[in-house]
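Dear colleague,

Please find below the structure that I am handing over to you, together with its sequence. My account of what was found in it follows directly after.

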Amino acid sequence: MLHTGRTIRAALQELSDFGRARRIQLCVLVDRGGRQLPIQPDYVGRVIEVGPNQDVAVRVADTDGDWGIDIVALPAAPEAGT
């Protein structure tokens, strides 16, 4: 899943330790937007708009019994001082 792009950026920096790559392609199952860095995938399974109080849950057949993508509400943050 691609969100802010920070993890991809860190992976690119680690790859550069092995030398300069001629080409790197990025494939993601879900692009949820909200990028903080100018990173764009070459191949995308699905683009989903997700609100600030939502998250994406990806289901995989091997572990979850079926394939799917769910948008789930994040629990409300506790009030300060409670």
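**Salt bridges**

A search of the whole structure, which is a predicted model, finds four salt bridges. Three of them are described here, beginning with the pair formed by R32 and D55, whose closest N and O atoms are 2.8 Å apart. This pair links distant parts of the chain: R32 sits in the loop between β1 (27-31) and β2 (43-47), D55 belongs to strand β3 (residues 54-59), and 23 residues separate the two. As for accessibility, R32 counts as buried because its relative accessibility is 10%, and buried means under 20%. D55, by contrast, has a relative accessible area of 29% and is partly exposed.

The side chain of R32 has a further partner, since a polar contact of 3.1 Å joins it to the side chain of H3. The buried loop residue R32 is thus found with both an acidic partner, D55, and the side chain of H3.

**The network around R59**

R59 takes part in two salt bridges that deserve to be read together. With D66, the closest N and O atoms are 2.8 Å apart. With D70, the closest N and O atoms are likewise 2.8 Å apart. R59 lies in strand β3 and D70 in strand β4 (residues 68-73), so this pair ties together parts of the chain that are eleven residues apart in sequence. R59, D66 and D70 are accordingly linked in a network of salt bridges.

How accessible, in relative terms, are the members of this network? R59 counts as partly exposed, at 24% relative accessibility. D66 is partly exposed as well, with a relative accessible area of 36%, and D70 counts as partly exposed at 29%. By way of background, side chains of opposite charge can pair when their charged atoms come close.

**Strands β1 and β2**

β1 and β2 run parallel and are joined by four bridges. One pairing to look at in the model is that of C27, whose bridge partner in β2 is Y43. How many of the five residues of β2 are buried? The number is zero, so β2 lies largely in the open. The loop between β1 and β2 is the one that holds R32, a residue that counts as buried at 10% relative accessibility.

**The largest pocket**

The largest pocket holds about 180 Å³ of space. Which residues line the largest pocket? The lining is made up of I8, R9, A11, L12, L15, I24, Q25, L26, I39, Q40 and D42. By class, the lining of the largest pocket divides into seven nonpolar, two polar and two charged residues.

**Helix α1 and R6**

R6 is found in helix α1, which covers residues 6-16. At 53% relative accessibility, R6 counts as exposed, because the cut-off for that class is over 50%. R6 and R35 are 29 residues apart in sequence, while their C-alpha atoms are 8.6 Å apart in space.

When you open the model, I would suggest that you begin with the network of R59, D66 and D70, and then turn to the pair of R32 and D55.

With kind regards

Notes:
Residues are numbered from 1 along each chain as its sequence is written. This is a predicted model: local features need pLDDT of at least 70, side-chain atom pairs count only at pLDDT 80 or more; totals for chains, interfaces and linings use all residues. Side-chain values use heavy atoms; hydrogens and water are left out. A salt bridge is a side-chain nitrogen of Lys or Arg within 4 Å of a carboxyl oxygen of Asp or Glu. Buried means under 20% relative accessible area, exposed over 50%, partly exposed in between (1.4 Å probe, protein chains only). Two strands pair if DSSP finds at least two bridges between them. On a 1 Å grid over the protein atoms alone, a cavity is a set of points where a 1.4 Å probe fits but cannot get out, and a pocket is an open set with protein on both sides within 12 Å along at least five of seven lines; lining residues have an atom within 4 Å of a point. Grid points are joined across faces, edges and corners, and a volume is the space filled by probe spheres set on the points. Ala, Val, Leu, Ile, Met, Phe, Trp, Tyr, Cys and Pro count as nonpolar, Asp, Glu, Lys and Arg as charged, and the others, Gly among them, as polar. A polar contact is a pair of N or O atoms within 3.5 Å; within protein, one must be able to donate a hydrogen and the other to accept it, and residues adjacent in sequence count only if both atoms are side-chain atoms.
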